[in-house]
Amino acid sequence: MAFLRRDTCIRAAATVTHTFLRGVATGAAPPSAAPNCDLHRWADGLRHGLPKFTGLATFFRQPFRDTLAGLDVALVGVPYDSGANHPGTRLGPREIRNKSSVIRRVNQATGVRPFDLCAVADVGDAWVSRPYAVSTVEPTDGLRACHDEIQAFYNQLCAAGVSPVTAGGVRQGESVSPLYHSLLVTTPAYLAPQDHSISLPILRALRKAVGQPLAMMHLDAHCDTAPPDEIGAATGSRYPNYTPFSCAVEEGLIDPKRVIQIGIRGPTSTGRMLSKDFGFRVVEMEEFYDARARSIGQLARSLMGDAPVYVTFDVDALDPAYALGTGSPEDGGLTTLEAQILLRSLRGARVVGTDFVCCSPVWDTTNNTPRVAANMMFEQLCLVAEARSKFGRPFKSST
Ligand SMILES: [Mn+2]
């Protein structure tokens, strides 16, 4: 099933023989008939371990695929931030692809080899092609149409039984709402949207596919559980980046008793009280610091139980010392090692999908944030791959 919209030329190139490059490697003269082009070098580099700085950047140097047959795990980018006021997260997936080139094939801490366990490929981007469209589901809410388009992409993955590992994400679509746009230029910067709203359409697709509410580990400085009705009245949309998980509760996508939010802190955090009202386990940084990563990881694992699990990671869960490139940096956050320990604590759980959001390369001149993002996404990939090898397909293929 060809479902993606472009780049078929790359797939075609990956199927050719690679006489030319092998000739170079052995010192022999390249056959004159073989084309000397980057696509050949890229495709062959995947097989022969050529330098990591060569070729086209895909997630973890995995092959690009525009079909889903035989695929276990899809690496997906969702590059969209609607273009105005603090743009940047739309650039995240592409830069994470670039930085992920240096990731090795084995998780040094757990020994998990995701590419040996599963068929993994980069399936391109679930980008929003019609950001100004009106949703047929909720015609008065402009952001809903963007989410519907993203969900349609994920519905296809789920229908084919493929688990999504995502780098995002949407930056709230303020351009679709004149009211919201006016708020942006008249309110303090901390109210400016970043992203994370993409988790909602992904959860909608996964909830439909698994047939039950999902458990969820949520790493973030912010709860993202503001009240949708109030936000909708104020901004014109119920679905900005600070309401996805209150909407997810409202729509029965997640099981509140099996949700843990870790890393919560900072004056911009909204929705803490609502999270607690829902029954989420909210672990603020002060508690985390005293309890330490392994015990909080054990708590998270016990909460997940046997339920299908979604792991969502906002880069601002990390301290800005490790990941400055994001829209709402908050001091006093997780170290990279603590985040790795938390993610690894979910080994053995039925992890059916993940996302990593809010990475904005333009706000980090060191370019370290997308490098960290690639490492965290690799940890997430290891969880999904290991769960698939243990439990099989998380949802039935309908294709
Ligand atoms: Mn956040």
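pLDDT is the predictor's confidence in each residue, on a scale from 0 to 100. You need it here because this is a predicted model: local features need pLDDT of at least 70, side-chain atom pairs count only at pLDDT 80 or more, and totals for chains, interfaces and linings use all residues. Residues are numbered from 1 along each chain as its sequence is written.

So how does the confidence look? The mean pLDDT of the protein is 82, with 78% of its residues at 70 or more. Two stretches are weaker. Over residues 1-36 pLDDT stays under 50, and the model has 49 contacts there beyond four places in sequence; a contact means that two C-beta atoms, placed from the backbone, lie within 7 Å. Residues 170-194 also stay under 50, with 68 such contacts. Where pLDDT is low, the predicted coordinates should not be read in detail.

Now for the overall picture. The protein has 15 helices and 8 strands, taken as DSSP runs (H or I, at least four residues, for helices; E, at least two, for strands) and numbered from the N terminus. Of its 399 residues, 54% are buried, where buried means 20 or more other C-beta atoms within 10 Å of a residue's own, exposed means 12 or fewer, and partly exposed is in between, with C-beta atoms placed from the backbone. Among contacts with a separation of 6 or more, 76% join residues 24 or more positions apart.

Take a look at helix 8, residues 199-210. Its 12 residues should span 16 Å at 1.5 Å a residue, and the end C-alpha atoms are indeed 16 Å apart; the expected span is 1.5 Å times one less than the number of residues. Because 10 of the 12 residues are buried, helix 8 is largely enclosed by the rest of the structure. Among the buried ones are L200, I202, L203 and R207. Right after the helix comes G211, with a positive phi near 80°.

Further along, helix 14 (residues 336-344) and helix 15 have axes that come within 9 Å and cross at roughly 15°. That makes them roughly parallel, the word for angles under 35 degrees. Residues meeting across this pair include A339 and L343 in helix 14, and V372 and M376 in helix 15.

Finally, find W363, in the loop between strand 8 (350-357) and helix 15 (368-391). W363 is partly exposed, with 16 other C-beta atoms within 10 Å. Beyond its neighbours within four places in sequence, W363 contacts G88, L324, G325 and T326. The C-alpha atoms of W363 and T89 are separated by 9.6 Å, although these residues are 274 apart along the chain.

Definitions and conventions. Axes fitted to C-alpha atoms, helices over the stretch in contact; angles between N-to-C directions. Parallel < 35°, antiparallel > 145°, perpendicular 65-115°, else oblique.
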